[in-house]
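Let us learn to read a ligand site. Keep the viewer open as we talk.

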Amino acid sequence: MQLCVALDLPTKEENLDLVHKIKEYDIWLKVGLRSYIRDGEEFLRDIKKINPDFKIFLDLKLYDIPNTMADAAESIMGLGVDMFNVHASAGKRAMQEVMDRLKKYENRPIVLAVTALTSFNEDEFAKVYEASIAQKADQFAKDAYESGLDGVVCSAYESASIKNITNKDFMTLTPGIRPFGEDAGDQQRVADVAYAKSAYVDFIVVGRPIYKSDDPALVVEKILQSL
Ligand SMILES: O=c1ccn([C@@H]2O[C@H](COP(=O)(O)O)[C@@H](O)[C@H]2O)c(=O)[nH]1
């Protein structure tokens, strides 16, 4: 299991300060909407300048018509990131078109599909998708698997079932991890590292419990020791 640290701080300087503090660790870094919209490609280059071995997950959750998603995926190829994601609810045709367009590249990034956002509880989710989280996450994961993607974003609670109905090598990446009982904030389906391990999760994503702590490097160190 790998640790992926979310770089969601209010300024580029604060994000880079965090990256400096944790630059010695074998971890992934996640660049999401806030940071990428604000700081763009240059931010990705700044991260690599601090440690070229950092792997970067660009968490933009593409959701559009198939051709637009595939065009965006090709643009992402030019950024040199190691992983990006799309929304499974964009449908199989869109996911297939993305994967089809990336076929010509030798070293494409890992492509994941978002199933059920970890901020949803059952009631909220049912209002949007008219299904239970478990049911729909399985279905979205199956769609993504059959479309040739490498894995999904889900909560730790859906991971084992998704592996079971797809393949053990089909990756699960789980945000909403609260390693030491930290505040859940807007997350609803939170789990700790031990639970994620028991559910065969490949990547855990941790943001606020690290970047809001007084000693982010110590929290990273403690998480890595518990993996
Ligand atoms: O279902 C999802 C998909 C993405 N995220 C992102 O992960 C991090 C989690 O941050 P925390 O501070 O540890 O809660 C954040 O960047 C989200 O945009 C998610 O939480 N859930």
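The dialogue below covers the ligand, its shell and the record's annotations.

Q: What kind of model is this, and how are residues numbered?
A: This is a predicted model: local features need pLDDT of at least 70, side-chain atom pairs count only at pLDDT 80 or more, and totals for chains, interfaces and linings use all residues. Residues are numbered from 1 along each chain as its sequence is written, and side-chain values use heavy atoms, with hydrogens and water left out.

Q: How many residues surround the ligand?
A: A residue is near a molecule if one of its heavy atoms lies within 4 Å of it. Here 16 residues surround the ligand, and the closest are D8, K30, T118, Q187 and R208.

Q: Which classes make up the shell around the ligand?
A: Ala, Val, Leu, Ile, Met, Phe, Trp, Tyr, Cys and Pro count as nonpolar; Asp, Glu, Lys and Arg are charged; the others, Gly among them, are polar. This shell has seven nonpolar, three polar and six charged residues.

Q: Where are polar side-chain atoms and the ligand paired?
A: A polar contact is a pair of N or O atoms within 3.5 Å. The side chain of D8 has an N or O atom 2.5 Å from a ligand oxygen. For Q187, the distance from such a side-chain atom to a ligand oxygen is 2.7 Å. T118 places a polar side-chain atom 2.6 Å from a ligand nitrogen.

Q: Which residues does UniProt mark as "active site"?
A: UniProt annotations may be inferred rather than shown by experiment. The unreviewed entry gives "active site" to D59, K61 and D64. D59 is in strand 3, where strands are DSSP runs (E, at least two residues), numbered from the N terminus.

Technical notes:
Polar contact = N/O pair within 3.5 Å; in protein donor to acceptor, adjacent residues only side chain to side chain. Helix = DSSP H or I, 4+ residues; strand = E, 2+ residues; numbered from the N terminus.
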